[in-house]
Amino acid sequence: MHPLREDLSVSDESQRPSRPRGPVDASRIPRYCGPETFARLPRLDEVDGAAVAVLGIPFDSGVSYRPGARFGPGHVRASSKLLRPYNPALDVSPFAVHQVADAGDLAVNPFDIVEALGTVEAEITRLRGAGSKVLTLGGDHTLALPILRAVAADQGPVAVLHFDAHLDTWDTYFGAPFTHGTPFRRASEEGLIDLERSMHIGIRGPLYGEEDLTADGVLGFQVIRSDDYENDGLNSVIERMRRRLAGPDGAGGPVYVSVDIDVLDPAHAPGTGTPEAGGMTSRELLNTIRALVGVEVVGADVVEVAPPYDHAELTGIAAAHVAYELLSVLARNVAA
Ligand SMILES: [Mn+2]
């Protein structure tokens, strides 16, 4: 039997290992071989449930500028083959603490956004009902709304920690309420987010007007600007983030993490739909995410990877590493 096939097939129930099934062993099967799953993890249908499911959602019908994020999930998976099992920065093996599996791609209607949002909400609800936290690979940022609907349905309003160049709290665009620039306004209006603990990090670039920022504050968000990394330093940013997520009484609570890859400077992530100069480095982003150890992360997404504009897998690799750090945080929070 071909070793790859052998590795992937678990036919006999009694042969199932009690410990989590990790990625395919790279000492036996070179990394450029399959499977085409995130980090070469098993598929969700190959394991008896997973603590964390990595779900691809190839959807970009909500974009306002460059299209292409529908090809994001496959690209991030392809760029994730070099991820190794041990994360020294957090001293954790994210795939050994609990079962992590790739739930494949969700088929959503590319022509009917409202129907697509319903499909996403139903699938996130189903996966969470089966006991999995969900890490979504987008897809454009419109997806954050149905995901938050599913999360808030059983957790109540959650803090949203949103990494992005843009606020994504605009009202409508060409009269359309559901676009990649509006998910967090809709989520706030629908009562899905904790208004005392939510935050954008990495904001920069021109706005339509100053009122964009005032409206955003009313919707429940504080802002850490991209420039704050330069002016105040990483540790100051992390301290402000953790204080905000802890809330006014310091008690904390559930946090949903949404990462638009355009939070990175185009030098670090050129393959995205609405790039803005002056962004953070991938090192700053990874380090900020690592500071979420001990925070109650209930789900996350990495969105807006648009491979047609990527070069040398820069954006795909950055997104894969962001996802890996998020998975490492989830594992550390279990292991602690
Ligand atoms: Mn966004």
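**Exercise 1. Place S3 in its sheet neighbourhood**

Task: Start from Leu 135, which stands opposite Ala 300 in S8, and work out which strands pair with S3.

Solution.
- Step 1: Leu 135 faces Ala 300, a residue of S8. This is a predicted model, where local features need pLDDT of at least 70, side-chain atom pairs count only at pLDDT 80 or more, and totals for chains, interfaces and linings use all residues. Numbering runs from 1 along each chain as its sequence is written, and side-chain values use heavy atoms, with hydrogens and water left out.
- Step 2: S3 and S8 (residues 297–303) run parallel and share 3 bridges. Pairing takes at least two DSSP bridges; strands are DSSP E runs of at least two residues, helices H or I runs of at least four, numbered from the N terminus.
- Step 3: Now try Thr 136 in S3, which has Leu 55 opposite it. S1 (residues 52–57) pairs with S3, again in the parallel sense, over 6 bridges.
- Step 4: Check the cover on S3 (residues 133–138): 5 of its 6 residues are buried (under 20% relative accessible area; exposed is over 50%, partly exposed in between; 1.4 Å probe, protein chains only).

So S3 has S1 and S8 as parallel partners.

**Exercise 2. Take the manganese site apart**

Task: List the protein donors of the manganese ion, then find where Asp 164 and Asp 260 sit along the chain.

Solution.
- Step 1: Four residues give protein donors: His 141 through ND1, and Asp 164, Asp 168 and Asp 260 through OD, at 2.1 to 2.3 Å from the ion. Donors are N, O or S atoms within 2.8 Å of the metal (3.2 Å for Na, K and Ca); water isn't among the atoms, so sites may look incomplete.
- Step 2: Write the spacing as H-x22-D-x3-D-x91-D. Asp 164 and Asp 260 lie 96 residues apart, linking distant parts of the chain. Asp 164 is in the loop between strand S4 (159–163) and helix H5 (183–189), while Asp 260 belongs to strand S7 (residues 255–260).
- Step 3: Look at exposure. Asp 164 is buried at 0% relative accessible area, and Asp 260 is buried at 2%.

**Exercise 3. Trace the contacts of Arg 290**

Task: Which side chains make polar contacts with the side chain of Arg 290?

Solution.
- Step 1: Locate Arg 290 in helix H9 (residues 282–290).
- Step 2: Asn 287 comes in at 3.1 Å, side chain to side chain. A polar contact is an N or O pair within 3.5 Å; within protein, one atom must be able to donate a hydrogen and the other to accept it, and sequence neighbours count only if both atoms are side-chain atoms.
- Step 3: Add the side chain of Glu 325, at 3.0 Å from that of Arg 290.
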